[in-house]
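Student: Hi! Could you walk me through this protein with me looking at it?
Tutor: Sure, let's bring it up on the screen.
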Amino acid sequence: MYAIVDIETTGGQPHQDKITEIAIFIHDGEKVVDKYHTLINPERPIPFFITQLTGIKDDMVQDAPKFYEVAKDIVEFTEGKVFVAHNVRFDYSFIKKEFADLGFTFQRKTLCTVRLSRSLMPGLPSYSLGKLCQSIDIPLSQRHRAIGDAEATAILFDRLIKINRPVVDGNMNMAAEHTTQVLKQEIKTSLLPPAITKEKVDALPMVPGVYYFHNEQGEVIYVGKSINIRKRIIQHFNIDYKSRKSLNFKNSIADITYELLGNELAALLYESAEIKRLKPQYNRQQRRSVFNTGIFSYTDSDGYKRLTFGTIDKAENISMTPIIALSNHYKAKGFLFHKVAKYNLCQKLCDLYKTNGACFDYQVHQCSGACIGKESPEEYNRRVDEAIDSFTYEHNSFVILGKGREPGERSVVVVEHGTYLGLGFVDDTFSASSLGDFKGAIQRYNDNKDVQQIIRNHMRGKHKDKVLIFD
């Protein structure tokens, strides 16, 4: 038995939007045997653009039942049945969230008619409900209304399960068995993107590396990393739908490729470099590839260690090598304000307050007076060193040797004079007596705040890598 469901909502995000209409068609594997339909009072205004799309207005749902008043009906209509929908994750996630708000766990086997259509009717120009119905002559009235879309999905489902595929010797029983097996498979894999097969996922390695999601044009739309590629990708697909954007992302995935890296540190560094190189559509973090502002340190004539910021290679009267590189002056100022607050530093001595006298923090008793010579350089500099230690490496130049991609291989990460140089791999026969030997074994990558944070976190955490120091 199958419950074919469609809903309309106040928006695209289950955690904040609500259902305004639901329709359920019950199919017994041969025909539709029952149906259920109701408007639902979402207990909030319906946005104008939603009304334009669906035609559902506030006055139409004013006297409609609230979700808790129809929850029992929905449970009874779907209980013991496979939950079917076009882009099933959308409808299923909303209904799960509505029940969760009532303290009830709603769980059903699911089947997506987008995936099923791709499997049984390959090669169509589009698998959106409207265009799919147009392609195969399914009447679709009341578009973007739950009752109209659910009825069209029920007709589509009926056609799909009755497709007779050409088989050897014209055996019709084999054709029916094929469709049955497809249904079983799609129920098991309903959470996968429509274009991704179970075989594709099963073939993924369970080792550390970086993976790429591609769209139908072959473009990389997301880069990720994991110590277990297959497990992480399955987690991606099992996560409940949170927004229309996440659904579009999932439905856009047409292929998966990967690069083996051997260990988590190498995967993290490679992922960061690839995100900056490719700038995938669905990667939000680490996309920025230009880091032209530096945090610098110098000691003034009174013996106080000062922190300042400026454009790298253009800073005057201070060391030309930045302690850390950031994307712009705004980020640099925010970074310094954070360190000033955490380590009780002086705004004036960190280039954040321009004055001839005491800084503002001293006036409100947040600065100990280094700006006017009240605090000794030795005492103040100790806290500056603590602040610098929080975003620099313990050693100046070093090499990290980690697990390789295969037996007999090691990964190599090189840092020289506090600057990340790059990543590479060597076999067990490789011998080196100097930092220069290791530098010849790596591929060069840009140094930036993101990779510095990755390496610092790795060095300060528990790891089994071998660290060679060249200070």
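Tutor: One term before we start: helices and strands here are DSSP runs, numbered from the N terminus, with at least four residues for a helix and at least two for a strand. Also, keep in mind that this is a predicted model.
Student: Got it. Which elements supply at least two residues each to the lining of the largest pocket?
Tutor: Those are β7, α10, α11 and α12, the last of these spanning 264-278. The largest share is five residues, and it comes from α11.
Student: How much space lies in that largest pocket?
Tutor: About 660 Å³. Its lining has 26 residues, and Y222, H236, S246, F249 and Y282 lie nearest the centre.
Student: And how do the lining residues divide into nonpolar, polar and charged?
Tutor: For the largest pocket there are 11 nonpolar, seven polar and eight charged.
Student: Switching to α10, which residues are buried there?
Tutor: In α10, residues 229-238, the buried ones are I229, I233, H236 and F237. They sit on the same side of α10, because they cover an arc of only 90° around the axis.
Student: What do those buried residues pack against?
Tutor: Their partners are α9 (198-202), β6 (209-214), β7 (220-226), α11 (244-252) and β8 (255-260).
Student: Okay, back to pockets. What volume has the second largest one?
Tutor: The second largest pocket has about 490 Å³. It is lined by 21 residues, with F90, R143, H144, D149 and R244 closest to its centre.
Student: Which elements each give at least two residues to that lining?
Tutor: β1 (2-9), α1 (48-54), α4 (88-101) and α11 do.

Methods
Residues numbered from 1 in each chain as written. Predicted model: local features only at pLDDT ≥ 70, side-chain atom pairs only at ≥ 80, totals over all residues. Heavy atoms only, no water. Buried < 20%, exposed > 50% of the residue type's maximum accessible area, 1.4 Å probe, protein only. Arc of directions from axis to C-beta. Contact = heavy atoms within 4.5 Å. 1 Å grid on protein atoms, 1.4 Å probe; cavity = no way out; pocket = protein on both sides within 12 Å on 5 of 7 lines; lining within 4 Å. Points joined across faces, edges and corners; volume = space filled by probe spheres on them. Nonpolar A, V, L, I, M, F, W, Y, C, P; charged D, E, K, R; others polar.
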